[in-house]
Amino acid sequence: MKSFPTAILILLTAANTTYVSAFASIARNMLGRNIATSINFESLPKPATVSTADPATIVEKLTIEKDEVLAESEEMAFSFGEFAKQYPFSSNVAIASTKTAAADLIAQVVIAQTPIANIDWDRTLLFFAFGAMYSGVFNYLYQVKIFKKLFDVDKFTSQPWADKLKDEEGLKALAAQTALDLTVLSLIFLPAFYVFKAGVFSGSMDPSIWTSTGLHAWQENFAKDEFDLIKVWFPADLICFSVPLYLRLPTRHIISFVYTAYLSFAHGAH
């Protein structure tokens with residue numbers, strides 16, 4: 001059989017060197033020719049030797065290797081917290097614009113049951129642009145840059161929660177920030193939203209028409225909008241202005257996502 005010598009060679013390669021001469025003898029007898037003499041058995045791979053190292057040494061080596069792999073994985077893994085610390089403005093604008101557009105789509109498709117083919121993309125564009133300009137740019141400038149000058153936000157927000165509750169000056173600053181933000185939301189956020197909406201839906205290129213139309217809609221809806229705004233943002237601000245500063249706006253975006261979806265559903269349509 002032609003395949004038999006091949007099988008013999010495979011066995012010879014895997015065997016321990018102490019049995020090489022015995023296999024060579026079998027090969028000579030069975031094949032009737034000196035096939036074994038044509039093989040350099042000394043060059044064949046030797047079986048792996050079993051380590052005689054101390055088990056504790058082996059465990060220690062494996063532990064070090066595991067720690068090195070985990071360290072490399074952590075370096076490669078994406079951390080939003082680190083990204084927000086390094087690029088607070090860019091991360092805030094990206095989150096704000098995406099969040100408001102996504103909230104509008106949810107309001108249209110999930111809440112209002114609008115078919116995908118009938119999505120109002122002009123409306124989604126309105127929320128995308130408004131989110132980038134107001135929630136992204138404006139909120140960052142006044143809630144981070146201006147608030148840092150008006151209040152000692154770093155000290156209060158960096159404390160453990162138990163220490164926050166004992167910090168009288170910090171709690172006073174928290175109340176002042178909350179009151180100021182509710183004022184800004186009422187007198188800047190809501191009018192700006194209606195003006196943006198008029199700019200997208202009015203069909204006019206005249207900014208004065210956007211302004212007059214938007215302010216009129218703001219005044220008409222002020223009572224209900226103000227009630228809903230305070231109901232959501234009063235407790236939300238207490239949380240947002242208590243977390244570490246670099247998480248202030250990301251935390252706010254999470255809450256704002258729900259509020260924006262409601263605003264889109266209630267007032268986003270033409």
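Two helices count as roughly antiparallel when the angle between them is over 145 degrees, as roughly parallel under 35, as roughly perpendicular from 65 to 115, and as oblique for the rest. The angles run from 0 to 180 degrees between N-to-C directions, and the axes are lines fitted to C-alpha atoms, for helices over the stretch in contact.

The model on screen is predicted, with local features requiring pLDDT of at least 70 and side-chain atom pairs counting only at pLDDT 80 or more, while totals for chains, interfaces and linings use all residues. Residues are numbered from 1 along each chain as its sequence is written, and side-chain values use heavy atoms, with hydrogens and water left out.

**The whole chain**

Start with the chain coloured by secondary structure, where 12 helices and zero strands appear; helices (H or I, at least four residues) and strands (E, at least two) are DSSP runs, numbered from the N terminus. Switch then to a surface, whose accessible area comes to about 16200 Å², with 67% of it belonging to carbon and sulfur atoms; such areas come from the Shrake-Rupley method with a 1.4 Å probe, and for residues only the protein chains shown count as cover. Of the 270 residues in the chain, 36% are buried, where buried means under 20% relative accessible area, exposed over 50%, and partly exposed in between (1.4 Å probe, protein chains only). Among contacts (heavy atoms within 4.5 Å) between residues at least 6 apart in sequence, 72% join residues at least 24 apart.

**α5 against α6**

Select residues 88-111 for α5 and 121-150 for α6. Their axes come within 7 Å and cross at roughly 150 degrees, which makes α5 roughly antiparallel to α6. The crossing of this pair, α5 and α6, is right-handed; a crossing is right-handed if the near helix is turned clockwise from the far one by less than a right angle, and left-handed if anticlockwise. The residues of the contact of α5 with α6 comprise 13 nonpolar, nine polar and three charged, where Ala, Val, Leu, Ile, Met, Phe, Trp, Tyr, Cys and Pro count as nonpolar, Asp, Glu, Lys and Arg as charged, and the others, Gly among them, as polar.

Within α6, pick A132, which counts as buried at 15% relative accessibility. The C-alpha atoms of A132 and S97 lie 4.4 Å apart, although 35 residues separate the two in sequence. Beyond residues up to four places away in sequence, A132 touches V93, S97 and V137.

Move next to N92 in helix α5, a residue that counts as buried at 3% relative accessibility. Leaving aside neighbours within four places in sequence, N92 is in contact with S135, G136, Y140, L249 and H253.

**The loop at Q113**

Follow the chain into the loop between α5 and α6, where Q113 lies. Q113 counts as exposed, with 61% relative accessibility. Display the backbone here, as Q113 has a positive phi of about 60 degrees although it is not a glycine. Most residues other than glycine have a negative phi.

**α6 against α9**

Add helix α9, residues 168-201, whose axis is 10 Å from that of α6, the two packing at an angle of about 155 degrees. α6 and α9 are therefore roughly antiparallel to each other. Their contact is made up of 20 nonpolar, two polar and four charged residues.

**α9 against α11**

Keep α9 and bring in helix α11, residues 222-240; the axes of α9 and α11 come within 10 Å and cross at roughly 140 degrees. α9 passes α11 in a right-handed crossing. To display this contact, select L174, T178, D181, L182, L185, S186, L190 and Y194 of α9 together with F222, D225, E226, L229, W233, F234, D237 and L238 of α11. The residues of the contact of α9 with α11 fall into 10 nonpolar, two polar and four charged.

While α11 is shown, pick A236 in that helix, which counts as buried at 5% relative accessibility. A distance of 9.0 Å separates the C-alpha atoms of A236 and T178, which are 58 residues apart along the chain.

**A last stop in α12**

Finish in helix α12, residues 248-267, by selecting T260, which counts as buried at 7% relative accessibility. Not counting residues up to four places away in sequence, T260 touches K99, T100, A103 and F127.
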